[in-house]
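Thanks for sharing this one. I went through the helix packing and the empty spaces, and my notes are below.

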Amino acid sequence: MKPIHVGLLGIGTVGGGTFAVLARNAQEIARRAGRPIVITAVADKNLERAREVVGSTPGVRITDDAMSIVDDPSIDIVVELIGGYGFAKDVVLRAIANGKHVVTANKALLAVHGTEIFTAAQQKGVTVAFEAAVAGGIPIIKAVREGLTANRIEWIAGIINGTTNYILSTMRDSGRPFADVLADAQALGYAEADPTWDIEGVDAAHKITLLSAIAFGTPVQFEQAHIEGISKLAAEDIRYAEELGYRIKLLGITKRVAGGIELRVHPALVPAKRLIANVEGVMNAVLVKGDAVGATLYYGRGAGAEPTASAVIADLVDVTRLHTADPEHRVPHLAVQADRLENTPIVPMSEVETACYLRLRVQDKPGVLADVARILADNGISIEAMIQKEPAEGEGEADIILLTHITREKHIDAAIARIEALATTVGRVTRLRLESLAS
Ligand code: HSE
């Protein structure tokens, strides 16, 4: 059968992996797709790198002009692996305008400009597939959009950034501070030279934004996500959490609640006995709770050449199978039919309810703990557990660690402000949310 022709834009780590896996498993992939999937053009600014990856493979045009591939009438599917939302956005919109399907791993582009891109694709009757954009090789888009389609999704919580999970795992194992571990991660190539998007939770927020839209059938709402990273996390918080039976993970969370949808990324204490709390190193895991199926957990590599290529190629096969189908018979981009998306509001963070971990340093003298307990009580916050750490000799100060019952964010904010204003409180109060993730 006539092969489907693919143009690959960007042949770095993931592009190289895609090229290699498609070549290695060509026969098996063709059996599954119903026809061969063949890369016939590759664009990269680094022509030398592109030539190296393509090697002696016949019939592959190499260029540094990505738009020439997007405008090439012989190309059926464009794979966008350029990243960012400048040129990548132009390329994707032009490919759609030219009637080509697009496969992309670009979470930032879709989380921010997804509404415009999906609308354009819908109008043109083409598909924008993005399995590789969330959790690399884990087929989580497929699972939520298709496998769980019978369910009313209640919530999703995921470790969806490998860099931060590596840092948190290493901090816990070694007791070393964040900055040291980050420097090691950079030296080992686990963290980018500019790791801001990873460590400040932005990458995870892009991914949970996409999962949220699919889970709840809403437009993408990245600008409303609450985002906190791990750069301010202290080694002692990881240690104290461990003593209390918890592990700290950077979670992307989206949840259906009475007032709308929660969409947030922040470090959270997770009970150590949960499977997801034991996801270590660069691995990713996503927990999805559906009303019919209950909790389901998906685990695997969230980045890397061939794990991400696995997702890119899965999309290529899907698109190939449906290439000749009527557009309305294809799986909708955001799980529900395009005209059935709902503008469910994102709940402001001040209204989100979680249990909390608080760490405060106080002067070690009578009445201090009573003052703190009074402030919490005044704000309707109930204490679940507490430990006090003996002050170092002669220091006259102590660390108090409190776990609260579930409370509303605005009440905890108000209590923290009052505790920090006490003359006996030293420095700032550390607040982390606690997620039981019970099924
Ligand atoms: N930088 C991401 C991570 C991988 O550390 O998981 C790509 O999304």
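The points below cover two helix pairs, then a pocket and a cavity.

1. A reminder before the details: this is a predicted model, and everything that follows is computed from it.

2. Let's start with helix H5 (residues 87–97) and helix H6 (residues 107–124). Their axes lie 9 Å apart and make an angle of about 15 degrees. Angles under 35 degrees count as roughly parallel, and H5 and H6 are therefore roughly parallel to each other. The crossing of H5 past H6 is right-handed.

3. If you want to look at the side chains in that contact, H5 brings Ala88, Lys89, Val92, Leu93, Ile96 and Ala97. Facing them in H6 are Leu109, His113, Glu116, Ile117, Ala120, Ala121 and Lys124. Sorted by class, this H5 and H6 contact holds nine nonpolar, one polar and three charged residues.

4. H6 also packs with helix H11 (residues 202–216): the two axes come within 9 Å and cross at roughly 55 degrees. H6 and H11 are therefore oblique to each other, and their crossing is left-handed.

5. Which residues of H6 meet H11? They are Lys107, Ala108, Leu110, Ala111 and Val112, and their partners in H11 are Asp203, His206, Lys207, Thr209 and Leu210. The classes here are five nonpolar, two polar and three charged residues.

6. On to the open spaces. The second largest pocket has a volume of about 510 Å³ and a lining of 29 residues. Nearest its centre you will find Lys255, Glu353, Thr354, Ile406 and Glu435. By class, the lining of this pocket counts 16 nonpolar, six polar and seven charged residues.

7. Which strand gives the most to the lining of that second largest pocket? It is S9, with five residues. Strands that each supply at least two lining residues are S7 (153–159), S9 (246–257), S10 (260–271), S13 (353–363) and S15 (397–404).

8. Finally, the enclosed space. The count comes to one cavity of 30 Å³ or more, and the largest cavity holds about 40 Å³ of space. Its lining is made of Leu168, Ser169, Arg172, Ile238, Arg247, Ile248 and Lys249. Helix H8 (162–174) and S9 each supply at least two of the residues lining this cavity. The cavity lining divides into three nonpolar, one polar and three charged residues.

9. One element to keep in view is S9, as it appears in both linings: it gives five residues to the second largest pocket and at least two to the largest cavity.

How values were computed: Residues are numbered from 1 along each chain as its sequence is written. This is a predicted model: local features need pLDDT of at least 70, side-chain atom pairs count only at pLDDT 80 or more; totals for chains, interfaces and linings use all residues. Side-chain values use heavy atoms; hydrogens and water are left out. Axes are lines fitted to C-alpha atoms, for helices over the stretch in contact, and angles run from 0 to 180 degrees between N-to-C directions. Helices (H or I, at least four residues) and strands (E, at least two) are DSSP runs, numbered from the N terminus. Angles under 35 degrees count as roughly parallel, over 145 as roughly antiparallel, 65 to 115 as roughly perpendicular and the rest as oblique. A crossing is left-handed if the near helix is turned anticlockwise from the far one by less than a right angle, and right-handed if clockwise. Contact means heavy atoms within 4.5 Å. Ala, Val, Leu, Ile, Met, Phe, Trp, Tyr, Cys and Pro count as nonpolar, Asp, Glu, Lys and Arg as charged, and the others, Gly among them, as polar. On a 1 Å grid over the protein atoms alone, a cavity is a set of points where a 1.4 Å probe fits but cannot get out, and a pocket is an open set with protein on both sides within 12 Å along at least five of seven lines; lining residues have an atom within 4 Å of a point. Grid points are joined across faces, edges and corners, and a volume is the space filled by probe spheres set on the points.
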